[in-house]
Amino acid sequence: MDTQHLAIDGYVDAIPAPGTGWGTAVFDLIHSPADADRIAPDTPDTVYACTTGDPRIADVLLHEIQPGDLLRLTGTVAQPEDPDTPAHFTVDAMEVLEAAPAPVLYDLVLERYGIYVVVFNADHDAVPVFTSSGRWVGEASSPDAIGTLIDSFENGGPR
């Protein structure tokens, strides 16, 4: 196995996960070729299977780093003999170059109607309805039926 010490810039591919021991973390980093003008257009990105044993770096990875963050990593890279296996990068130092934009959740929305709270979900027509104290009111078959459900609840209808 060939190893060398270097620094690379790349994007975090998925949420980092705890490693096998205390104070460790694992994650994948996608490194794009540095000079896209001088290489073949179909040259693939390099994926590094990264790990760190530094508890300070692991803490930042597990609590602050998100997919899409651009990092500069310094450490030791080891290329396995199997060319289909990603290179393994042991991280000694990390710098956040650019944070990914904050994700915006459009699929789930809570809305309040006086003392009532409704949950809109883009994947479902039915709309759950609760009181603001958490009491179950019922499920409206569609957003158009919310008013009817609330009226029925207030008038002692089915619960």
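**View 1. The buried side of helix 2.** In this predicted model, Ile 146, Leu 149, Ile 150 and Phe 153 are the buried residues to look for in helix 2 (residues 146-154). Buried here means under 20% relative accessible area, exposed means over 50%, and partly exposed is anything in between, using a 1.4 Å probe and protein chains only. Why do they sit on the same side of helix 2? Because they cover an arc of only 95° around the axis, with the arc taken from the directions that run from the helix axis to the C-beta atoms. Helices (H or I, at least four residues) and strands (E, at least two) are DSSP runs, numbered from the N terminus. The cover over these buried residues includes strand 8 (116-121), strand 9 (127-131) and strand 10 (136-140). Just after helix 2, look for Gly 156, which takes a positive phi of about 80°.

**View 2. Strand 6 and its neighbours, strands 4 and 5.** Strand 6 (residues 87-98) pairs with strand 4 (residues 46-52) in the parallel sense, over 4 bridges. Two strands count as paired if DSSP finds at least two bridges between them. On the strand 4 pairing, Cys 50 stands opposite Phe 89 of strand 6. Strand 5 (residues 70-79) also pairs with strand 6, this time in the antiparallel sense and over 9 bridges. To find your place there, start at Ala 78, whose bridge partner in strand 6 is His 88.

**View 3. Asp 54, between strand 4 and helix 1.** Asp 54 is found in the loop that runs from strand 4 to helix 1 (55-63). Is Asp 54 buried or exposed? It counts as buried, because its relative accessibility is 18%. Leaving aside residues up to four places away in sequence, Asp 54 touches Gly 23 and Asp 92; a contact means heavy atoms within 4.5 Å. Asp 54 also forms a salt bridge with Arg 56, with the closest N and O atoms 3.1 Å apart. For a salt bridge, a side-chain nitrogen of Lys or Arg has to be within 4 Å of a carboxyl oxygen of Asp or Glu. Arg 56 itself is exposed, with a relative accessible area of 65%.

**View 4. A salt-bridge network around Arg 72.** The structure holds 3 salt bridges, and a network of them links Asp 9, Arg 72 and Glu 95. The side chains of Asp 9 and Arg 72 meet at 2.7 Å, N to O. That pair links distant parts of the chain, with Asp 9 in strand 1 (residues 2-12) and Arg 72 in strand 5, 63 residues apart. Glu 95 forms a salt bridge with Arg 72 too, and here the closest N and O atoms are 4.0 Å apart. Glu 95 lies in strand 6 and Arg 72 in strand 5, so this pair ties together parts that are 23 residues apart in sequence. As for exposure, Asp 9 counts as partly exposed at 28% relative accessibility, Arg 72 is partly exposed at 34%, and Glu 95 is partly exposed at 42%.

**Notes for all views.** Residues are numbered from 1 along each chain as its sequence is written, and side-chain values use heavy atoms, with hydrogens and water left out. Since the model is predicted, local features need pLDDT of at least 70 and side-chain atom pairs count only at pLDDT 80 or more, while totals for chains, interfaces and linings use all residues.
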